[in-house]
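Please look over the sequence and the model shown here before reading the briefing that follows. The points are grouped by topic, so that each can be checked against the coordinates.

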Amino acid sequence: FGALASALLTIGDENVFITVCYICRLIIGIGIGGNYPLAATMSSEAAAGSGDGSKAKSGFKVAGSFFWQLPGLLSVYVFGLILAVILGEEGTGKTVGTAVSFRLLLGCG
């Protein structure tokens with residue numbers, strides 16, 4: 001909800017934009033802030049309860065769950081670069097520019 005609202009409801013002057021963006025990003029931050037500790041707990045409990053008895057395998061499973069957070073974090077930058085190439089920048093006459101790119105990035109979370 002917070003990501004789509006920050007992309008769709010940020011129309012207006014600067015004060016409206018900043019206020020709406022702050023509120024929507026706060027909603028996203030609360031959700032993500034609760035998700036990270038739960039993901040760590042769930043992965044460690046699932047690895048311990050897998051029944052294989054090997055601490056090395058369970059540690060590998062926990063490390064794997066934390067590893068996949070990095071590609072998720074980097075995907076935002078890759079998506080932003082792709083949008084910049086496809087949509088172009090304002091003033092270059094290429095296409096719609098940075099306003100649409102910015103809102104698409106906000107909408108994706």
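**Briefing on the predicted model**

Valine 76 is found in helix H4, and this residue offers a convenient starting point for reading what is a predicted model. With a relative accessible area of 43%, valine 76 is partly exposed, because partly exposed residues are those between the limits of 20% and 50%. Valine 76 is also one of the residues that form a nonpolar patch on the surface.

**Nonpolar surface patch**

- The patch is formed by Ile32, Tyr36, Leu70, Leu73, Leu74, Val76 and Tyr77, which together have about 700 Å² of accessible area.
- Two elements, helix H2 (14–48) and helix H4 (69–87), are those that give two or more residues to the nonpolar patch.
- Of these contributions, the largest share comes from H4, which supplies 5 residues of the nonpolar patch.

**Aromatic pair**

- The structure holds 1 aromatic pair, and the partners in this edge-to-face arrangement are phenylalanine 67 and tryptophan 68, with 5.0 Å from centre to centre and 75 degrees between the planes.
- The pair counts as edge-to-face because an angle over 60 degrees between the planes is what that term requires, and the angle here is 75 degrees.
- Phenylalanine 67 is partly exposed, its relative accessible area being 45%, whereas tryptophan 68, with a relative accessible area of 60%, is exposed.
- Tryptophan 68 is classed as exposed because its 60% lies over the 50% limit.

**Overall architecture and surface**

- The protein chain has 5 helices and 0 strands, and from the N terminus on its elements run α-α-α-α-α.
- Of the 109 residues in the protein chain, 18% are buried.
- The accessible surface of the protein chain comes to about 7700 Å², and 73% of that surface belongs to carbon and sulfur atoms.
- When contacts in the protein chain between residues at least 6 apart in sequence are considered, 40% of them join residues at least 24 apart.

**Confidence of the prediction**

- The mean pLDDT of the protein chain is 77, and 84% of its residues reach 70 or more.
- Confidence in the protein chain is lowest in helix H3 (residues 55–67), at a mean of 75, and highest in H4, at 85.
- Where pLDDT is low, the predicted coordinates should not be read in detail.
- Helix H4, where confidence is highest, is also the element that gives the largest share of the nonpolar patch.

Key
Residues numbered from 1 in each chain as written. Predicted model: local features only at pLDDT ≥ 70, side-chain atom pairs only at ≥ 80, totals over all residues. Heavy atoms only, no water. Phe/Tyr/Trp six-rings, centres within 6.5 Å; stacked < 30°, edge-to-face > 60°. Buried < 20%, exposed > 50% of the residue type's maximum accessible area, 1.4 Å probe, protein only. Patch = residues over 30% accessible without salt bridge, like charges linked within 9 Å, V, L, I, M, F, W, Y side chains within 5 Å. Areas by Shrake-Rupley, 256 points an atom, 1.4 Å probe, with all protein chains shown as cover. Salt bridge = Lys/Arg side-chain N within 4 Å of Asp/Glu carboxyl O. Helix = DSSP H or I, 4+ residues; strand = E, 2+ residues; numbered from the N terminus. pLDDT = per-residue confidence, 0-100. Contact = heavy atoms within 4.5 Å.
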